[in-house]
Number of protein chains: 2
Amino acid sequence: MRAVDAEEKVDRQARILEAALRLLSLQGISGVSMRAVAREAGVSLGLVNYHYEDKTSLIRAALHRIEEQDIALVEPDLTLEPEERLRAALKRVADPEFLTTEYLSLRLQLWALAQAHEDFERINTAAQRRYRAGLAALIHAARPELSPDECGERAADIDVIQNGLWLTALLGLDRDSIGRSVRRCEEIALAD
Amino acid sequence: MRAVDAEEKVDRQARILEAALRLLSLQGISGVSMRAVAREAGVSLGLVNYHYEDKTSLIRAALHRIEEQDIALVEPDLTLEPEERLRAALKRVADPEFLTTEYLSLRLQLWALAQAHEDFERINTAAQRRYRAGLAALIHAARPELSPDECGERAADIDVIQNGLWLTALLGLDRDSIGRSVRRCEEIALAD
DNA sequence: GAACATATTGAACGATCGTTCAGGTGCTCG
DNA sequence: CGAGCACCTGAACGATCGTTCAATATGTTC
């Protein structure tokens with residue numbers, strides 16, 4: 001029992017962050033109050049303010065966590081050949097593991113927050129830039145003959161479709177059109 | 001002066017709704033309090049609750065207003081031939097008149113609200129369904145030889161790209177990739 | 001002009017919000 | 001042992017929230 005107890009108790013800061021993410025995903029920003037986060041994490045109200053200076057820095061930490069998940073999507077899988085590596089990354093966005101309501105809803109809330117709060121917008125813009133750069137790098141590795149500009153263009157076009165794909169998946173799942181969109185991304189990326 | 005005064009005074013209900021939309025677009029749902037709406041509309045707090053039973057019904061009215069703008073995008077322009085009518089509708093989404101930050105941000109807030117509130121989700125789903133049906137009808141008129149199912153598929157694929165296009169435009173304007181995306185939508189819609 | 005419905009105001013209510021703070025627990029180190 | 005430190009608690013504060021309501025203004029009807 002000691003092990004379980006310890007496991008449940010350690011790293012309350014992480015549990016607070018996860019509680020904030022859970023609430024943000026399920027109820028939107030209106031559902032994220034310091035008290036609600038404390039309740040969801042099973043800690044006292046004071047502890048939330050102890051680990052996070054104020055509410056803004058708690059939200060900021062949550063947004064950085066979402067950013068990490070985003071960037072992981074274009075992390076190169078070095079066990080594969082460049083072309084397969086790119087295909088794998090493009091398929092990953094439609095992977096059920098990533099296409100969960102919780103993750104998509106989090107992204108949406110992040111975007112909505114970025115509109116209202118300049119500080120959050122910077123975080124979002126930086127994340128998007130890193131994502132596109134990762135995608136362009138994958139394309140360049142698979143099609144070395146393409147100019148960096150051309151790779152950037154293709155990455156931007158794919159980004160548009162993927163954003164739409166995520167949004168569509170969230171608003172009303174349509175498996176078939178998601179599959180077709182993934183295939184369209186592959187065509188754009190790998191065209192000769 | 002009487003005319004101006006009258007113009008400014010009449011239909012305070014409409015001015016309240018517009019104030020709510022403006023705040024929702026600029027500051028997100030956290031910025032929409034009954035008091036803030038009253039201040040923005042230049043009326044008293046009590047009047048907001050007089051015209052809208054409670055906050056939820058005010059937000060609901062705002063969402064219905066956004067829905068109207070959406071549907072207008074696929075309203076057939078009967079002065080044009082079917083194919084041009086479809087092209088015009090597809091170009092309309094990238095029209096600067098619609099691609100304003102205010103309108104796009106409103107859509108985003110609508111989507112975010114739909115995630116958190118079942119009531120708002122229904123409004124959003126209905127709007128999306130109407131939009132896709134309108135798009136499919138435009139495609140069918142331009143390509144009568146296509147089956148209704150095929151038209152629906154194409155409309156769904158275009159919807160994915162347009163959602164991504166709107167989102168991308170909002171997060172960081174990239175005129176070139178928007179232009180390419182519009183062209184891609186035309187190709188999908190009009191392929192033989 | 002009296003009666004009436006409609007429109008409009010701002011004060012007031014209890015609830016909840018973010019933040020602060022004095023205090024309490026458990027641990028380490030000299 | 002006790003001083004020091006990091007972690008944690010819940011009460012309390014003032015601000016703001018959504019909602020209600022009595023009072024007033026405005027316009028229409030008989």
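**A salt bridge, a two-fold axis and a DNA strand**

Me: In this predicted model, what makes the pairing of A:Glu84 and A:Arg87 a salt bridge?

Reply: Their side chains come to 3.6 Å, N to O. The cut-off is 4 Å between a side-chain nitrogen of Lys or Arg and a carboxyl oxygen of Asp or Glu. The pair meets it, and is therefore called a salt bridge. By this rule there are 34 salt bridges over all chains.

Me: Why are A:Glu84 and A:Arg87 separated by about one helical turn?

Reply: Because they stand 3 residues apart in helix α6 of chain A, which covers residues 82-92.

Me: How do you know how confident the predictor is in chain A?

Reply: The mean pLDDT of chain A is 90, and 94% of its residues reach 70 or more. The scale runs from 0 to 100. Residues 1-7 of chain A are another matter: pLDDT stays under 50 there, and the model has 0 contacts for them beyond four places in sequence.

Me: What makes the relation between chain A and chain B that of a two-fold axis?

Reply: A turn of 180° with a shift of 0.0 Å along the axis lays chain A on chain B, with an RMSD of 0.0 Å. That is the relation of a two-fold axis. In chain A, the C-alpha nearest the axis belongs to A:Gly164, at 1.7 Å.

Me: How do you know that the same surface serves both copies?

Reply: Of the contact residues of chain A, 100% recur in chain B.

Me: Which residues are closest to DNA strand C?

Reply: The strand is surrounded by 16 residues, and the closest are A:Met34, A:Arg35, A:Asn49, A:Lys55 and B:Tyr50. The surface near the strand divides into 6 nonpolar, 5 polar and 5 charged residues.

Me: Which helices supply at least two residues each of that surface?

Reply: They are α3 (34-41) and α4 (45-51) of chain A, with α4 (45-51) of chain B. The largest share, 4 residues, comes from α4(B).

Me: What makes the approach of B:Ser44 to DNA strand C a polar contact?

Reply: A polar side-chain atom of B:Ser44 lies 2.9 Å from a phosphate oxygen of the strand. The cut-off for a pair of N or O atoms is 3.5 Å, so the pair counts. B:His51 also has a polar side-chain atom 3.1 Å from a phosphate oxygen of strand C. For B:Arg12 the partner is a sugar or linking oxygen, at 3.0 Å.

Me: Which parts of DNA strand C lie within 4 Å of the protein?

Reply: Of those atoms, 54% belong to sugar or phosphate and the rest to bases.

Technical notes
Residues are numbered from 1 along each chain as its sequence is written. Chains are lettered from A and ligands numbered from 1 in the order in which they are written. This is a predicted model: local features need pLDDT of at least 70, side-chain atom pairs count only at pLDDT 80 or more; totals for chains, interfaces and linings use all residues. Side-chain values use heavy atoms; hydrogens and water are left out. Contact means heavy atoms within 4.5 Å. Copies are superposed by least squares on the C-alpha atoms of residues with pLDDT of at least 70 in both. A residue is near a molecule or strand if one of its heavy atoms lies within 4 Å of it. A polar contact is a pair of N or O atoms within 3.5 Å; within protein, one must be able to donate a hydrogen and the other to accept it, and residues adjacent in sequence count only if both atoms are side-chain atoms. Ala, Val, Leu, Ile, Met, Phe, Trp, Tyr, Cys and Pro count as nonpolar, Asp, Glu, Lys and Arg as charged, and the others, Gly among them, as polar.
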